[in-house]
Amino acid sequence: MQQWAEIRRRVLNGEISKRAARAEYDIHWETLQKILTHSEPPGYRRAKPRVSKLEPFLPVIHEILKSDKKAHPKQRHSAKRILERLKTEHGFQGGITIVQQAVRDWKQKSREVFLPLSHPPGEAQVDYGFADVWLGGELTKVALFVMTLPYSDAIFMQAFPRECTESFLEGHRRAFDFFGGVPNRISYDNSKIAVARIIGNRERKVTMEFLRLKSHFLFEDHFCLVRRPNEKGHVEHLLDFARKNYLVPVPRVDALKTLNQELVQNCQDDLKRQLRGKPSSKQVLLTEEQSSMLPIPQQAFDTHRLAQANANSLSLIRFDSNSYSVPTKYAYRQITIMATVDEVRLSFEDQLIARHQRHWGREQSFFDPVHYLGLLERKPGGFDHARPLEQWELPVCFGILRRRMEADLNHLGTREFIKVLRLLECHSLVNLKHAVEYALDIGAGSADAIRLILEYQQESPVTLFCLEGRPHLKLVQVAQTDVSAYQSLLLGG
């Protein structure tokens, strides 16, 4: 390049002639003409375009790659497989290199280009992700609920046992509390939790639980086009960020409650960051954004899912592949199920009849022993073999009471002991334990006696009215009643 510039300068400035330049620099006449024409070397230029031997086969390759878009990602053609098909089906004689280049060129041209979007304050995006967590010493996959605010770049994340209606509703409630307001507009994908049916490009028939959520918090929804997650790319990006920064290495916790507390703290600490191109920190921007958000309703939102099922002959209700017990008198009845992330509440008509801790396993049965005591009173012979009572650990005093009752009443002792246990239908185990211990001390050995002791222990003591600080009441004088005055009533006076 240095010699090129020197030749141009000397010849074009008239310092030497073209003939002298050819002799001095030992170059061809055509080369000199090229130097004088171009300010820099133009590079090698092919006189005729090169025709690749792959050219006739390019439509076949493009058709294969287009059809691959509808196939499973793990069942799409590689360049090697395309080459094998070209040789077998079309008689191609080339090698793998030009096929690989053709595949790369096609994919490069077919890559989608996206438009940068502006995000006004008060808008949010929601998505779910998944991660592994050591939960109680067992490696468990959890669902990550994430809500982000693109304007302030704030993020909120919570872990739940599963992606379901209950976690979806609970995640929204916690996110609104964290952000200090309700976004005006929230973008979603087309999850079955929120969308019952896709009607058109943008029209959606939403589920009843999602309608209940919208009706309570009054936000507007926006659903992405099918297979267009880029429409909520902000939450997709921050989900990956949070998973890599908050859940690496794999957390070890005893309960999800502990993990969620740590995630809230991580999200709170993240508000201190100031991103490139932002005028201030996330916390300052979030404070500004809160003025554009809806207020959180004063009435609390119940994040439950409603369902109905019939209790079977074993007084069990099946919900979410698990079975939960109800009192035996409700067997064969239709029961209303109200399920949250933490518990399952069972109601008959307008009465709450049972509460259970929510379990996320599969095909398991969970019993409340108290539910079966009424049936056992009629069938005391099954007391020692009843499955609901297998893991029931009662205080030691109950075992002593049962042995005394069976020794005093023979075969009727078990039924009498069950009557004592049935007091748990109205009283706590702690209070009943104190009553049983007192009964053993005084030698009372019947269910009726223990019931009286229990009721007596729970009675509030009578308190006397104190005159201290009430001097005006001390002046009141109540005369003593003359009982003989009532004798006149008997005499007709």
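Two strands pair if DSSP finds at least two bridges between them. With that in hand, here is a walk through this structure, which is a predicted model.

**A hairpin and its small sheet**

Let's start with E10 and E11, which form a hairpin with two residues between them. In the turn sits Asp 320, and its phi is positive, at about 55°. The two arms run antiparallel, with four bridges joining E10 to strand E11, residues 322-325. One spot to look at is Leu 316, which stands opposite Ser 325 in E11.

The hairpin belongs to an open sheet of three strands, in the order E10-E11-E15, and the pairing there is mixed. At the edges are strand E10 (316-319) and strand E15 (365-366), each of which pairs on one side only. On the E15 side, two bridges join E11 to E15, and these strands run parallel. Tyr 324 has Phe 366 as its bridge partner in E15.

Where do the residues of E11 point? Asn 322 and Tyr 324 go one way, Ser 323 and Ser 325 go the other way, and all are buried.

**A four-stranded sheet**

Next comes an open sheet of four strands, ordered E9-E12-E13-E14, with antiparallel pairing. Strand E9 (305-310) and strand E14 (351-357) are its edge strands, so named because each pairs on one side only. Leave direction aside, and neighbouring strands of this sheet are turned by 25° against each other on average. E9 is joined to strand E12 (residues 334-339) by six bridges, and the two run antiparallel. Leu 306 finds its bridge partner in E12 at Met 338.

On the edge strand E14 you'll find Ile 353. Is Ile 353 buried or exposed? Its relative accessible area is 11%, and since buried means under 20%, Ile 353 counts as buried. Ile 353 and Pro 327 are 26 residues apart in sequence, yet their C-alpha atoms are 7.3 Å apart in space.

**Parallel neighbours earlier in the chain**

Now for some strands with lower residue numbers. Strand E1 (residues 123-135) and strand E4 (residues 185-188) run parallel and are joined by three bridges. Glu 123 has its E4 bridge partner in Arg 185. E4 also pairs in the parallel sense with strand E7 (residues 220-223), over four bridges. Arg 185 turns up again here, standing opposite Glu 220 in E7.

Here are the strand pairs covered so far, side by side.

| Strand pair | Bridges | Sense |
|---|---|---|
| E10 and E11 | four bridges | antiparallel |
| E11 and E15 | two bridges | parallel |
| E9 and E12 | six bridges | antiparallel |
| E1 and E4 | three bridges | parallel |
| E4 and E7 | four bridges | parallel |

As background, strands of a sheet pair through backbone hydrogen bonds, either parallel or antiparallel.

**The nonpolar core**

How many residues make up the largest nonpolar core? It has 52, and those with the most contacts inside it are Met 147, Phe 168, Phe 179, Phe 210 and Phe 219. Several elements each supply at least two residues of this core, including E1, E3, E4, helix H7 (165-179), helix H8 (208-217) and helix H9 (233-246). Strand E2 (138-149) is on that list too, and E2 gives the most to the core, with seven residues.

**The largest pocket**

The largest pocket has a volume of about 490 Å³. Its lining is made of 20 residues, and Pro 161, Leu 256, Val 341, Asp 342 and Trp 360 lie nearest its centre. By class, nine lining residues are nonpolar, six are polar and five are charged.

Strand E3 (154-160) and helix H10 (256-270) each give at least two residues to this lining. H10 supplies the largest share, five residues. Both elements have a second role as well: E3 and H10 are among those supplying at least two residues of the largest nonpolar core.

**Out in a loop**

To finish, look at Ser 78, in the loop between helix H4 (58-68) and helix H5 (79-90). Ser 78 has a relative accessible area of 38%. Buried means under 20% and exposed means over 50%, so a residue in between is partly exposed, and that is how Ser 78 is classed. Along the chain, Ser 78 and Asp 384 are 306 residues apart, and their C-alpha atoms are separated by 66 Å.

Methods:
Residues are numbered from 1 along each chain as its sequence is written. This is a predicted model: local features need pLDDT of at least 70, side-chain atom pairs count only at pLDDT 80 or more; totals for chains, interfaces and linings use all residues. Side-chain values use heavy atoms; hydrogens and water are left out. On a 1 Å grid over the protein atoms alone, a cavity is a set of points where a 1.4 Å probe fits but cannot get out, and a pocket is an open set with protein on both sides within 12 Å along at least five of seven lines; lining residues have an atom within 4 Å of a point. Grid points are joined across faces, edges and corners, and a volume is the space filled by probe spheres set on the points. Ala, Val, Leu, Ile, Met, Phe, Trp, Tyr, Cys and Pro count as nonpolar, Asp, Glu, Lys and Arg as charged, and the others, Gly among them, as polar. Axes are lines fitted to C-alpha atoms, for helices over the stretch in contact, and angles run from 0 to 180 degrees between N-to-C directions. Buried means under 20% relative accessible area, exposed over 50%, partly exposed in between (1.4 Å probe, protein chains only). A nonpolar core is a set of buried Ala, Val, Leu, Ile, Met, Phe, Trp, Tyr and Cys residues joined through side-chain atoms within 4.5 Å.
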